[in-house]
Amino acid sequence: MTVPTITLNNGRTIPQLGFGVFQIDPKDTVEAVTTALEVGYRHIDTAQMYGNEREVGEAIARSGIPREEVFVTSKLNNGHHRPEDAERTFGETLERLGLDWIDLFLIHWPLPTLYDGDYVSTWRTLASFVQDGRAASVGVSNFQPDHLRRIVDETGVVPAVNQVEVHPYFGNEAVRAAGAELGIATEAWSPIAQGDVLDDPVLQEIAAVKDRSTAQVALRWHVERGDIVFPKSVTPARIRENFEIFDFSLSPDEVAQISSLDRGEAGRRGPDPDEFDYVPS
């Protein structure tokens, strides 16, 4: 099954479907990523704060798949926003992954209430990783429209992607619109709202018509809207099921029905990026 690609604003491409490893225990990560690669995933999303970069790298190395065929993303730890810390720990990420360069590196959270509100210097540091060839693309995660506009206005460097919470109960439309305006691709984390949407009657009805699971329908909704999506699972059958979303489609009316489930801020499951200030000890 061929996974479509999205062309980023720097001309590089990214598989629209990836495999996420958030909350996968390091001891289970090699097996999970190995299964995903065997199924056909070629886009793996990890982060410094997930604690499993080394295991992701090990699974990729074991797979024997050529490096240029696997798209790898990681993200900056919230405790490493100062430029010198970002520079140092980026090198550590490459070492843990066993890579000379990474496809995409993100600021994980803007943390506007910390570091004197200075996420701009952090962004400049990430941009330097592209200039020296150690990152093919850089981007951000959980950035609100004003965060995006500030870093673009002050640096002139537009993120390749913004990875944010998006699912049928929280369309995050203002962020998606700001990204579209600036030419920033939207990546959707928590694409099925941590499972909360799976029992929704609208999704169940569409799933019955399509002879698909509600998870597959929700993931296909993301694809139809142009989101980049990376579901997470450690169950081989579910890993495969999540991959099998490119041999059916949703009608515009079905997409609209699912989009109408949006509850605005009441649908948000994760933290508010304007207030989130968690720094690992």
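**Close-up A. Ala193, a residue in the loop between β9 and α7.** This is a predicted model, and the first stop is a loop residue with an unusual backbone angle. Ala193 is not a glycine, yet its phi is positive, at about 55°. That catches the eye because most residues other than glycine have a negative phi. Is Ala193 buried or exposed? With a relative accessible area of 0%, Ala193 is buried.

**Close-up B. Ser190, in the loop that links β9 (185-189) to α7 (201-210).** Here's another positive phi: Ser190 sits at about 55° without being a glycine. Ser190 has a relative accessible area of 12%, so it counts as buried, the cut-off being under 20%.

**Close-up C. Asn162 and its surroundings in strand β8.** The strand runs over residues 161-165, and Asn162 is part of it. How much of Asn162 is accessible? Its relative accessibility is just 3%, so Asn162 goes down as buried. Now for the company it keeps, leaving aside neighbours within four places in sequence. Asn162 is in contact with Val140, Ser141, Asn142 and Phe143, and the list also includes Leu148 and Val175. Ile184, Ala185, Thr186 and Glu187 are contacts of Asn162 too.

**Close-up D. The buried residues of helix α9.** Helix α9 covers residues 236-243, and its buried residues are Ile239, Asn242 and Phe243. Why do these three end up on the same side of α9? They span an arc of only 105° around the axis, so they share one side of the helix. And what covers them? The cover over the buried residues of α9 includes strand β3 (19-20), along with helices α1 (26-39) and α8 (214-225).

**Close-up E. Lys27, an exposed residue of helix α1.** We stay with α1, which is among the elements covering the buried residues of α9, and pick out Lys27 in that helix. Lys27 is exposed because its relative accessible area is 66%, and the cut-off for exposed is over 50%. Which side chain does Lys27 join through a polar contact of 3.4 Å? The partner is Asp28, and the contact runs from side chain to side chain. Have a look at Glu55 as well: Lys27 and Glu55 are 28 residues apart along the chain, but their C-alpha atoms are separated by 7.9 Å.

Technical notes. Residues are numbered from 1 along each chain as its sequence is written. This is a predicted model: local features need pLDDT of at least 70, side-chain atom pairs count only at pLDDT 80 or more; totals for chains, interfaces and linings use all residues. Side-chain values use heavy atoms; hydrogens and water are left out. Buried means under 20% relative accessible area, exposed over 50%, partly exposed in between (1.4 Å probe, protein chains only). Helices (H or I, at least four residues) and strands (E, at least two) are DSSP runs, numbered from the N terminus. The arc is that of the directions from the helix axis to the C-beta atoms. Contact means heavy atoms within 4.5 Å. A polar contact is a pair of N or O atoms within 3.5 Å; within protein, one must be able to donate a hydrogen and the other to accept it, and residues adjacent in sequence count only if both atoms are side-chain atoms.
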